[in-house]
Amino acid sequence: MELTGGALDGQLLDVTGLTADERTTGAYLITPHSAYGPGGRASYGPTFSRPDGPWVWEGDVP
């Protein structure tokens with residue numbers, strides 16, 4: 001899945017191991033470049049208009 005926006009913009013995420021439900025909710029991904037510094041997380045998930053991707057940045061979380 002392509003990631004759009006935020007610290008991981010343009011990177012690809014392997015979602016083959018995720019269930020269908022997990023693919024609809026998104027994920028918190030560890031990133032060295034979040035607002036909370038190294039080890040912070042960036043929230044990415046699908047949009048209603050494009051549920052099959054790309055996942056868009058929703059914000060940073062500690």
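1. Size. A compact globule of 62 residues would have a radius of gyration near 11 Å, and the protein has 11 Å, so the two agree. This is a predicted model, and the principal-axis box that its C-alpha atoms fill is roughly 30 × 20 × 15 Å. The accessible surface comes to about 4,100 Å². Carbon and sulfur atoms account for 56% of that surface.

2. Confidence. The mean pLDDT of the protein is 92, and 100% of its residues reach 70 or more. Among the elements, β1 has the highest mean pLDDT, at 97. The lowest, 89, belongs to helix α1, residues 20–25.

3. Secondary structure. There are 1 helix and 4 strands. Along the sequence they follow the pattern β-α-β-β-β. Of the contacts between residues at least 6 apart in sequence, 35% join residues at least 24 apart.

4. Sheet order. The 4 strands form an open sheet, ordered β1-β4-β3-β2, with mixed pairing. At the edges are β1 (3–4) and β2 (27–31), each of which pairs on one side only.

5. Strand pairing. Which strands pair in the parallel sense over 2 bridges? They are β1 and β4, and Thr4 stands opposite Val56 in β4. The pair β3 and β4 is antiparallel, with 5 bridges. In that pairing Tyr44 stands opposite Trp57 of β4, while Ala42 has Asp60 of β4 as its bridge partner. Strands β2 and β3 also run antiparallel and are joined by 5 bridges; here Ile30 stands opposite Arg41 in β3.

6. Burial. Buried residues make up 29% of the 62 residues. How is strand β3 placed relative to the rest of the structure? It is largely enclosed, because 5 of its 6 residues are buried.

7. Nonpolar core. In soluble globular proteins, nonpolar side chains tend to be buried together. In this model the largest nonpolar core has 7 residues: Leu3, Leu8, Val15, Leu29, Ala42, Tyr44 and Trp55. Setting aside neighbours within four places in sequence, Leu3 is in contact with several of these core members, including Leu8, Leu29, Tyr44 and Trp55. Outside that set, the contacts of Leu3 include Asp9, Gly10, Gln11 and Leu13.

8. Gly45. This residue is in strand β3, which covers residues 40–45. Gly45 counts as buried because its relative accessible area is 0%, under the 20% cut-off. What does Gly45 contact, leaving aside its neighbours within four places in sequence? The partners are Gly26, Pro54, Trp55, Val56 and Glu58. Between Gly45 and Thr24 the C-alpha to C-alpha distance is 7.3 Å, and the two residues are 21 apart in sequence.

9. Cis peptide. Gly53 and Pro54 are joined by a cis peptide bond, with omega about -5°. Pro54 is found in the loop between β3 and β4 (55–61). Pro54 is also one of the residues in contact with Gly45.

10. Val61. This residue lies in strand β4. Is Val61 buried or partly exposed? Val61 is partly exposed because its relative accessible area is 22%, and buried would need a value under 20%. Not counting residues up to four places away in sequence, Val61 touches Tyr28, Tyr36, Gly40 and Arg41. The C-alpha atoms of Val61 and His33 are separated by 12 Å, with their positions 28 residues apart along the chain taken as the sequence separation.

11. Summary of the sheet. Strand β3 pairs with β4 over 5 bridges and is joined to β2 over another 5 bridges. Strand β4 also pairs with the edge strand β1. Two members of the nonpolar core, Ala42 and Tyr44, have partners in β4, namely Asp60 for Ala42 and Trp57 for Tyr44.

How values were computed: Residues numbered from 1 in each chain as written. Predicted model: local features only at pLDDT ≥ 70, side-chain atom pairs only at ≥ 80, totals over all residues. Heavy atoms only, no water. Rg over C-alpha atoms; globule rule 2.2 N^0.38 Å. Buried < 20%, exposed > 50% of the residue type's maximum accessible area, 1.4 Å probe, protein only. Contact = heavy atoms within 4.5 Å. Areas by Shrake-Rupley, 256 points an atom, 1.4 Å probe, with all protein chains shown as cover. Core = buried A, V, L, I, M, F, W, Y, C linked by side-chain atoms within 4.5 Å. Pairing = 2+ DSSP bridges. pLDDT = per-residue confidence, 0-100.
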